Amino acid sequence: MKACFGVALRAMAILLLWSSVGISLNLFSANAIPWVYVPPPDLEISGVKIPLIDEKEARKLLDDPSVVFVDTRTAKDYAKSTVKGAQSLPRKEMEERFILIQPLLPEEARLVLFCYGPQCEDAERVAEFLIPMGYRNLVIMSPGFPGWEKAGYPVDSGPDKELGGKQPDPTSATGGDNSGPTSGPSTGSAQSTRGDK
Amino acid sequence: MKYLTFAARLFIGGLFVYASIHKITDPAQFAVSIRNYMILPPEWSHLVALALPWVEIGAGAFLILGIQTKPSALLTTGMLAVFLVAIARAYATGLDIDCGCFSSAAASHGRVDIYHLVRDSLILLVSLFVLLADRGDFCISGLFSLRGRPV
């Protein structure tokens, strides 16, 4: 009995020793993380709570058939590259575009919205648009497509070819000088979308 | 028998060292794996992600080198028992998560299933065998002990 207690005591000492090493080395590590995890706050839009997740958590949803990724960046940026399987719903063209992709967005699906990163509000604006349409299961991937791409997760290049002619006026997506209301038809550009916070 | 025990000790030690490496190099990803199990409060996930891999590598290295083998085997057995409970709970509740055992959550795509339960159970048995059967043969501490008595 005494021997067992001695083994348990030494095991505890080893546990404490190596735990301390790990926690201390974190201070000098290139991959350091805070000692205490602080969950990102949930957004609340029109009374609907929208969790904010990072790209790693979003990656776990990619293979889930009940999840649809929705790219709220401009059509031009979507056409270059996007999250694998994502649908395009640009903030500045969402009304026209929504009519085209509505069959691909069942109301019961969980939609993962993303744009250019934590500083970008396009995903929130699209969420505001979708909630009155009956969508309640919305999630926002805060790091956006840059975070996803940087992590090396699966992407589609030129994913909107199949929609071809159904794309809204390309001039509205390839930049330009308009900066109208965000819900207005065919307005905005990559730059204005990114910058009009 | 002592050779079998020695082989089992090397196996468990090597396995723990190997399993700890990806967790040490990417603690943030390991923290995601921990949170996915939804057992601990999320706030603790970073602390556990920082400490646990070092306990794994420490206990594994001690087993390989034959330092404090009994306490180290007790630690590996305890950790495997906790992992087994966590995997069983995730499986029972139908959580669609990867086990995060030997690769990061982002790198692996398989959800926890019966294979992980069987695998962890077998490793647990081997670790338990080391804990109960090891008599301190092939220990560094035995070589250098003034008393010549293995630990």
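Student: Happy to look at this predicted model with you. How many salt bridges are there between chain A and chain B?

Tutor: Good place to start. A salt bridge here needs a side-chain nitrogen of Lys or Arg within 4 Å of a carboxyl oxygen of Asp or Glu. Between chain A and chain B, the count of such pairs is 0.

Student: And how many residue pairs are in polar contact between chain A and chain B?

Tutor: For this count, both residues of a pair must have pLDDT 80 or more. With that condition, the number of residue pairs in polar contact between the two chains is 5.

Student: Which element gives the most to the side of chain A that touches chain B?

Tutor: Two elements of chain A give two or more residues to that side, α1 and α2 (55–59). With 12 residues, the element that gives the most is α1(A).

Student: What is the make-up by class of the side of chain A that touches chain B?

Tutor: Let's begin with the contacts themselves: 26 residues of chain A meet 30 residues of chain B. Sorted by class, the chain A side has 6 charged residues, 4 polar ones and 16 nonpolar ones.

Student: How much area is buried between chain A and chain B, and which three residues of chain A supply more than any other three?

Tutor: The size of an interface is often given as the accessible area lost when the parts come together. Here that area is about 2600 Å², and carbon and sulfur atoms give 71% of it. Of the area that chain A buries against chain B, 26% is supplied by three residues: Trp18(A), Tyr37(A) and Lys60(A).

Student: Moving on to the cores, which element supplies the largest share of the largest nonpolar core?

Tutor: In soluble globular proteins, nonpolar side chains tend to be buried together. The largest such core in this model has 33 residues, and those touching the most other members are Ile12(B), Tyr37(B), Leu75(B), Met79(B), Ile87(B), Val112(B) and Val130(B). At least two core residues each come from α1 (2–25) of chain A and from α1 (2–25), α2 (27–37), α3 (45–65), α4 (69–92) and α5 (114–133) of chain B. The largest share, 8 residues, comes from α4(B).

Student: How many residues are in the other core, which lies apart from it?

Tutor: Among the members of that other core are Ile101(A), Val126(A), Leu138(A) and Ile140(A). Its residue count is 26.

Student: Now a single residue: why does Arg73(A) count as buried?

Tutor: Arg73(A) sits in the loop between β4 (67–71) and α3 (75–80) of chain A. Beyond its sequence neighbours up to four places away, Arg73(A) touches residues including Tyr78(A), Pro90(A), Phe114(A), Tyr116(A) and Phe145(A). The cut-off for buried is under 20% relative accessible area. Arg73(A) counts as buried because its relative accessibility is 5%.

Student: Which backbone oxygen lies 2.6 Å from a polar atom of the side chain of Arg73(A)?

Tutor: Two backbone oxygens are worth checking. The one of Asp77(A) lies 3.4 Å from a polar atom of the Arg73(A) side chain. The one at 2.6 Å belongs to Ser81(A).

Student: Last one: how many helices and strands does chain B have?

Tutor: For background, chain A comes to 8 helices and 9 strands, and 47% of its 197 residues count as buried. Chain B has 151 residues, of which 48% count as buried. From the N terminus, its elements run α-α-α-α-α-α. That gives chain B 6 helices and 0 strands.

Key. Residues are numbered from 1 along each chain as its sequence is written. Chains are lettered from A and ligands numbered from 1 in the order in which they are written. This is a predicted model: local features need pLDDT of at least 70, side-chain atom pairs count only at pLDDT 80 or more; totals for chains, interfaces and linings use all residues. Side-chain values use heavy atoms; hydrogens and water are left out. Helices (H or I, at least four residues) and strands (E, at least two) are DSSP runs, numbered from the N terminus. Buried means under 20% relative accessible area, exposed over 50%, partly exposed in between (1.4 Å probe, protein chains only). A polar contact is a pair of N or O atoms within 3.5 Å; within protein, one must be able to donate a hydrogen and the other to accept it, and residues adjacent in sequence count only if both atoms are side-chain atoms. Contact means heavy atoms within 4.5 Å. A nonpolar core is a set of buried Ala, Val, Leu, Ile, Met, Phe, Trp, Tyr and Cys residues joined through side-chain atoms within 4.5 Å. Buried area is the accessible area (1.4 Å probe) that two parts lose on being put together, summed over both. Ala, Val, Leu, Ile, Met, Phe, Trp, Tyr, Cys and Pro count as nonpolar, Asp, Glu, Lys and Arg as charged, and the others, Gly among them, as polar.
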